[in-house]
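These entries record what I looked up in the structure. I began with the ligand and then turned to the domains and the helix packing.

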Amino acid sequence: MAQNVRIAVVGSGYVGLVAAVCFAEIGHSVVCVDNDERKVKALQGGDTLIHENHLPELLGKYRNGRVTFTTDLGEATKNSDVIFVAVGTPQSETGDADLSYVEAVAAEIARSINGYKVIVEKSTVPVYTNEWIRRVIERNGVDKHLFDVVSNPEFLREGTAVEDFLHPDRIVVGSDSPRAAELLRAIYAPLTEGAYYKQEGHITGICNTEELPPILLTSTKSAEIIKHASNAFLALKISFINAVANICEEADANVEQVAKGMGLDARIGPRFLRPGIGYGGSCFPKDVSAFRSVAEQMGLGFNLLAEVERINEQQKKRFIAKVRSTLWTLRGKKLAVLGLAFKGDTDDIRESPAIDLVQTLLAEGCSVAAFDPAAMGRAKLELPEGPNCKYVCDPYEAANDADALLILTDWAEFGQLDLARLNKSMRYSIIVDGRNMYEPEAMAEAGFHYTSVGRPSAHPAH
Ligand code: UDX
């Protein structure tokens with residue numbers, strides 16, 4: 001394949017690990033660095049530590065071959081030409097991004113620079129971060145001609161991260177240096193020029209060479225803003241449809257029909273118009289807040305984003321209100337909870353609305369039997385098992401003797417339940433579906449009182 005570039009990826013979280021194995025998959029040599037020795041050992045042993053499609057396969061294929069793992073950032077820097085920084089940028093108490101990990105990594109890279117290096121921001125960072133990284137490296141005595149800082153944001157979604165990496169809608173490279181931009185172009189050439197998709201048996205099996213991913217070259221600052229603006233816009237779309245769903249509920253209309261009608265307009269598009277219990281995850285809540293903070297620090301109000309956040313919080317309260325109105329009182333009620341992850345196909349519970357909702361229901365005096373296909377291990381750390389909070393092996397055990405069943409995560413299997421079996425095991429045939437996994441009429445026919453989001457409730461005929 002194309003030119004092999006020596007790459008270091010700093011941080012082995014979702015973004016770092018997926019990027020590391022995918023860079024190997026398109027032909028590069030990668031060293032992945034993490035300061036957590038336990039993590040490095042696990043990865044060396046082939047344990048991905050996170051639930052992500054295709055990741056075990058790729059890690060198995062390349063670990064200790066084209067991808068190695070280490071805690072030694074200095075050595076990794078010396079042996080690489082391009083260093084991707086994919087460490088966490090968590091939300092600080094003031095709402096903006098905490099960049100202390102990025103700063104520490106930049107300082108450590110500076111101490112080991114032994115030739116021209118390109119340092120790439122892969123983590124989501126606010127505009128101007130590239131300038132700070134540059135300043136930190138220069139302050140550590142490195143000549144400014146010995147390095148460039150580039151922004152190459154990642155748009156992967158958890159659950160489909162590997163596919164998103166290898167089949168991106170676009171690749172954004174923000175660089176103020178032609179030399180650095182050329183190196184990044186070479187790294188992605190197997191995707192943008194299509195050689196990767198012609199390879200026998202490549203991982204996702206998608207061989208569409210007709211529509212190759214475009215590479216967009218921008219200034220560094222524009223690329224930083226593209227990432228924040230994209231995530232904020234997607235969150236806005238979700239809050240918008242949730243607000244519309246609430247109007248539909250009051251008007252006895254059907255938000256699925258409304259979303260379909262809106263989405264057929266090419267200017268709006270059908271995606272990210274699924275109503276629910278609000279967005280969660282490790283990106284949207286923190287990025288919306290950080291982007292708003294960026295605007296505020298510039299003296300520019302961005303109240304639209306404050307409203308996006310308010311609607312998102314309100315959506316959880318509205319769901320609790322629905323549960324209350326179907327059950328009358330909450331104290332002492334036994335609830336089956338399906339789903340704890342912030343969305344389907346992941347074990348991630350960071351900022352999961354499902355966890356928030358269960359916490360509220362427990363505080364209201366309910367008892368909960370919860371099931372999630374992948375996230376129960378992580379959920380137990382946030383919601384410890386106890387007399388009122390049980391974790392069970394499948395949806396039917398959760399439903400056993402329950403006063404109501406709540407669907408909180410859009411795992412595909414929650415849309416394919418054996419309804420007759422479920423109905424038999426429940427005390428009352430009540431389902432409150434926060435993810436619109438079923439058609440209301442079909443649920444009424446199956447004998448359920450069914451409440452969902454933005455659609456009329458349905459009740460059994462008899
Ligand atoms: C997101 C972005 O999609 C990705 O581009 C970025 O790099 C990281 O953040 P992710 O957090 O993995 O990815 O999940 P995503 O699929 O975008 O869903 C985020 C949240 O929004 C979830 O809680 C999901 O349930 C919710 N959502 C999504 C909706 O409620 N409705 C929708 O229509 C879409």
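**Entry 1: the ligand shell.** I sorted the residues around the ligand by class and obtained ten nonpolar, four polar and five charged residues. The model I consulted is a predicted one. I then looked up how many residues make up the shell and found that 19 surround the ligand. I noted Glu158, Arg274, Tyr279, Gly281 and Cys283 as the closest of them. I next asked which element supplies the largest share of the shell. I found that helix H10, residues 220-251, does so with three residues.

**Entry 2: where the ligand lies.** I checked the domain assignment, which divides the chain into domain 1 (6-218) and domain 2 (227-308). Where does the ligand lie with respect to these two domains? Both domain 1 and domain 2 contribute residues to the shell, so I recorded the ligand as lying between them.

**Entry 3: the two domains.** I looked up the separation of the domain centres, taken over C-alpha atoms, and noted 28 Å for domain 1 and domain 2. I then examined the contact and found eleven residues of domain 1 touching eleven residues of domain 2. On the side of domain 1 that touches domain 2, I recorded six nonpolar, three polar and two charged residues.

**Entry 4: H10 with H12.** I returned to H10 to see how it packs against helix H12, residues 284-297. I read an angle of about 115 degrees, with the axes 9 Å apart. I noted that H10 passes H12 in a left-handed crossing. From H10, I listed His228, Asn231, Ala232 and Ala235. In H12, these meet Phe284, Asp287, Val288, Ala290, Phe291 and Val294. By class, I entered seven nonpolar residues, two polar and one charged for this contact.

**Entry 5: H10 with H11.** I then took helix H11, residues 255-263, which packs against H10 at an angle of about 135 degrees with the axes 9 Å apart. I therefore entered H10 and H11 as oblique to each other. The crossing in which H10 passes H11 is right-handed. I found the contact to be made by Ile241, Val244, Ala245 and Cys248 of H10 together with Val255, Val258 and Ala259 of H11. I looked up the classes in the contact of H10 with H11 and recorded seven nonpolar residues, with no polar and no charged ones.

**Entry 6: H5 with H6.** Lastly, I looked up helix H5 (residues 100-112) and helix H6 (residues 129-139), whose axes come within 8 Å and cross at roughly 40 degrees. That crossing angle is why I entered H5 as oblique to H6. I noted that H5 passes H6 in a right-handed crossing. On the H5 side, I listed Val102, Glu103, Ala106, Ala107, Ile109 and Ala110 as making the contact. On the H6 side, I listed Thr129, Ile133, Val136 and Ile137. I sorted the residues of this contact of H5 with H6 into eight nonpolar, one polar and one charged.

Terms used
Residues numbered from 1 in each chain as written. Predicted model: local features only at pLDDT ≥ 70, side-chain atom pairs only at ≥ 80, totals over all residues. Axes fitted to C-alpha atoms, helices over the stretch in contact; angles between N-to-C directions. Helix = DSSP H or I, 4+ residues; strand = E, 2+ residues; numbered from the N terminus. Parallel < 35°, antiparallel > 145°, perpendicular 65-115°, else oblique. Left-handed = near helix turned anticlockwise from the far one by under 90°. Contact = placed C-beta atoms within 7 Å. Nonpolar A, V, L, I, M, F, W, Y, C, P; charged D, E, K, R; others polar. Domains from an automatic or database assignment. Near = placed C-beta within 6 Å.
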